[in-house]
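Here is a quick tour of a protein model, written for someone who likes to check backbone geometry before setting anything up. Have the viewer open as you read.

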Amino acid sequence: MYQENWPDTYFWPYHQTRTMSVIVQPVTEANLLQDPLRFDRHVPPCAIVIFGASGDLSKRKLLPSLYRLFYERRISQSFAVVGSSRTPMSDDQFRDKMKESVSKFLEDAPFDEDVWKSFAQCLFYVAGDMSNPESYEAIREKLDEVEQSHQTAGNVLFYLSTQPSFYAEAVKALGAHNLTKGRGWRRVIIEKPFGHDLQSARKLNEEIHQVLDESNVYRIDHYLGKETVQNILAFRFGNGIFEPLWNRRYVDFIQITAAESIGVEGRGAYYQEAGALRDMIQNHLSQVMATVAMEPPTVFDANNVRDERAKLLRAVRIMKPEEVEKYAVSGQYGPAKVGGQDLLGFRQEPSVDPNAQTDTYAAVTFFIDNWRWAGVPIYIRTGKRMPKRVTDIAIQFHAPPLGLFSQETKSGLREARPNLLVLRIQPEEGISLRFLSKSPGSGMRLRPVSMDFNYGSSFGERSPTAYETLLVDAMTGDPTLYTRQDMVDASWQIVQPILDSWANTKFDFPNYDAGSWGPKASEEMLARQGHVWRIP
């Protein structure tokens with residue numbers, strides 16, 4: 001019988017009110033009861049099979065997240081990880097490789113040698129090719145083994161961290177080898193991109209549903225696991241002062257920005273086929289938009305929340321082909337010198353076609369045709385090689401109907417700036433509300449001030465990473481933060497006319513310098529609506 005070898009003394013976060021200290025104390029049942037909110041969801045016994053276990057996602061995100069959950073005792077002691085990829089390795093070699101990755105990529109958390117020794121006992125490896133039937137039989141044998149040794153109760157979570165072209169093949173093989181059925185539950189997490197366009201996404205859904213029921217399919221979108229994205233729901237529906245203002249009567253426009261300062265970082269071949277619109281707007285940012293603009297669910301549960309997100313995406317106006325040029329902008333970064341450093345253009349990146357028509361920048365104006373948001377533009381932009389790394393949502397409210405405090409300047413009257421609510425997703429999670437206040441002294445001269453909320457300083461404890469949150473959700477069977485089939489379909493529908501138009505357009509690329517905020521056409525798109533991009 002497998003016995004968990006927990007260390008007698010254990011470092012773990014223990015907090016009271018809004019401060020945090022680290023206390024060294026024996027881990028006993030009494031200790032756990034003192035802080036029940038950290039263990040509010042019971043994670044059942046299970047095994048996780050990671051296909052593509054030697055890839056970047058596993059090394060950078062999945063194993064560090066699982067280790068951290070293990071460190072915090074949020075995972076059941078009856079737990080095992082079975083990694084699988086084509087690279088030949090023994091269990092011990094896999095453990096050594098993952099130790100190196102976890103210690104390197106663990107975010108804002110300590111690496112404890114004693115905890116790792118216990119965690120490593122839960123790691124196993126099966127070498128094999130996903131196209132080889134023998135690989136699935138070897139995985140079956142390993143799952144039977146860990147079910148006995150680690151008491152996983154037959155529950156299995158399969159994680160497809162592979163090339164998207166293998167998704168359908170892997171699911172079919174899991175079904176053919178009876179791995180999707182067992183004594184316990186069986187669930188499959190599928191990474192993005194889910195399809196390359198609307199047609200391929202629908203085909204992939206059909207193939208997966210031949211084997212799996214929709215309730216067992218978890219399409220992961222790590223943006224939905226970020227604390228600030230989740231906090232949008234709490235902010236809107238938990239506070240009576242904001243939700244009444246969350247509509248066309250008070251909101252002038254909304255901007256969603258996801259800017260990256262890096263280039264393609266060695267992923268030129270993949271990115272050349274994907275582009276910014278597919279890579280970010282179709283999935284991550286459309287889901288963020290749906291979360292910001294959705295109607296209140298009648299009950300806060302997975303079905304109701306996802307119903308409202310899907311309903312919002314279906315309400316997004318589908319562009320006509322002749323509207324694409326007006327409401328969507330494609331860009332590609334060119335070489336530039338920034339801070340004394342010569343930055344390559346996209347076409348000079350390794351593995352990129354020197355004549356590539358790939359969009360490394362995309363900006364789109366969406367309109368939602370429902371009573372709450374009719375006429376309110378929602379601007380979404382994302383790009384590589386921008387001046388800084390930042391993801392946020394800016395909600396600008398209408399200016400007062402009468403400018404009582406307009407100020408005289410040398411160039412004429414200047415209206416006071418409208419109120420602005422900013423929800424910061426990364427790198428620093430928080431919320432900021434800008435309003436006007438009287439400057440000290442005589443006269444009514446106004447200046448903008450901000451009220452700021454920051455996760456780190458307000459709660460005094462580390463926020464879980466998106467993958468930690470989403471892995472726990474999958475193990476507990478909570479799909480609230482996962483995208484459903486109809487949501488994926490709706491998000492592809494709103495970008496498909498843009499993809500079709502851009503596929504038949506010859507762009508004069510590059511059209512923005514590395515280190516800038518994007519092409520001039522993006523500014524012109526907003527100017528036609530009387531708006532400008534906010535500089536984060």
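## Backbone oddities in two loops

Asn178 comes out as partly exposed, with a relative accessibility of 47%. That value falls between the 20% and 50% cut-offs, so neither "buried" nor "exposed" fits Asn178. You'll find Asn178 in the loop between α6 (167-176) and β7 (186-190). Its phi is near 60 degrees, which is positive even though the residue isn't a glycine.

Ser351 has a positive phi too, near 70 degrees, and again the residue is something other than glycine. Look for Ser351 in the loop that links β13 (341-343) to β14 (361-367). With a relative accessible area of 59%, Ser351 is exposed. For background, most residues other than glycine have a negative phi, and most peptide bonds are trans.

## Two cis peptide bonds

On the subject of peptide bonds, which one leads into Pro427, and is it cis or trans? The bond runs from Gln426 to Pro427 and is cis, with omega near 5 degrees. Pro427 sits in the loop between β19 (420-426) and β20 (430-438).

Further along, the bond from Phe509 to Pro510 is also cis, this time with omega near -5 degrees. Pro510 belongs to the loop between α14 (485-503) and β22 (512-513).

## How far to trust it

Keep in mind that this is a predicted model. The average pLDDT is 88, and 90% of the residues score at least 70. The stretch to watch is residues 1-39, where the pLDDT is below 50; even so, that stretch has 73 contacts in the model beyond near neighbours in sequence. Where pLDDT is low, the predicted coordinates should not be read in detail.

## The overall picture

Zooming out, the protein has 15 helices and 22 strands. Of its 536 residues, 54% count as buried. The protein exposes about 24,400 Å², and carbon and sulfur atoms supply 50% of that area.

What about contacts along the chain? Taking contacts between residues at least 6 apart in sequence, 77% join residues at least 24 apart. Here is a pair to pull up in the viewer: Leu404 and Met444 are 40 residues apart in sequence, and their C-alpha atoms are 9.7 Å apart in space. Leu404 lies in the loop between β16 (390-397) and β17 (407-409), and is exposed at 65% relative accessible area.

## Where α9 meets α10

Now for a helix pair. The axes of α9 (residues 268-293) and α10 (residues 302-315) come within 9 Å and cross at roughly 105 degrees. That angle is why α9 counts as roughly perpendicular to α10. On the α9 side, the contact uses Ser286, Gln287, Met289, Ala290, Thr291 and Ala293, while α10 brings in Arg309, Leu312 and Leu313. By type, the residues of this contact divide into 5 nonpolar, 3 polar and 1 charged.

Gln287 deserves a stop of its own. Is this residue of α9 buried or exposed? Gln287 is buried, because its relative accessible area is 2% and the cut-off for buried is under 20%. Leaving aside residues up to four places away in sequence, Gln287 touches Asp221, Leu224, Arg309, Leu313, Thr483 and Met487. Two of the names in that list, Arg309 and Leu313, also appear on the α10 side of the helix contact.

Methods. Residues numbered from 1 in each chain as written. Predicted model: local features only at pLDDT ≥ 70, side-chain atom pairs only at ≥ 80, totals over all residues. Heavy atoms only, no water. Helix = DSSP H or I, 4+ residues; strand = E, 2+ residues; numbered from the N terminus. Buried < 20%, exposed > 50% of the residue type's maximum accessible area, 1.4 Å probe, protein only. Contact = heavy atoms within 4.5 Å. Areas by Shrake-Rupley, 256 points an atom, 1.4 Å probe, with all protein chains shown as cover. pLDDT = per-residue confidence, 0-100. Axes fitted to C-alpha atoms, helices over the stretch in contact; angles between N-to-C directions. Parallel < 35°, antiparallel > 145°, perpendicular 65-115°, else oblique. Nonpolar A, V, L, I, M, F, W, Y, C, P; charged D, E, K, R; others polar.
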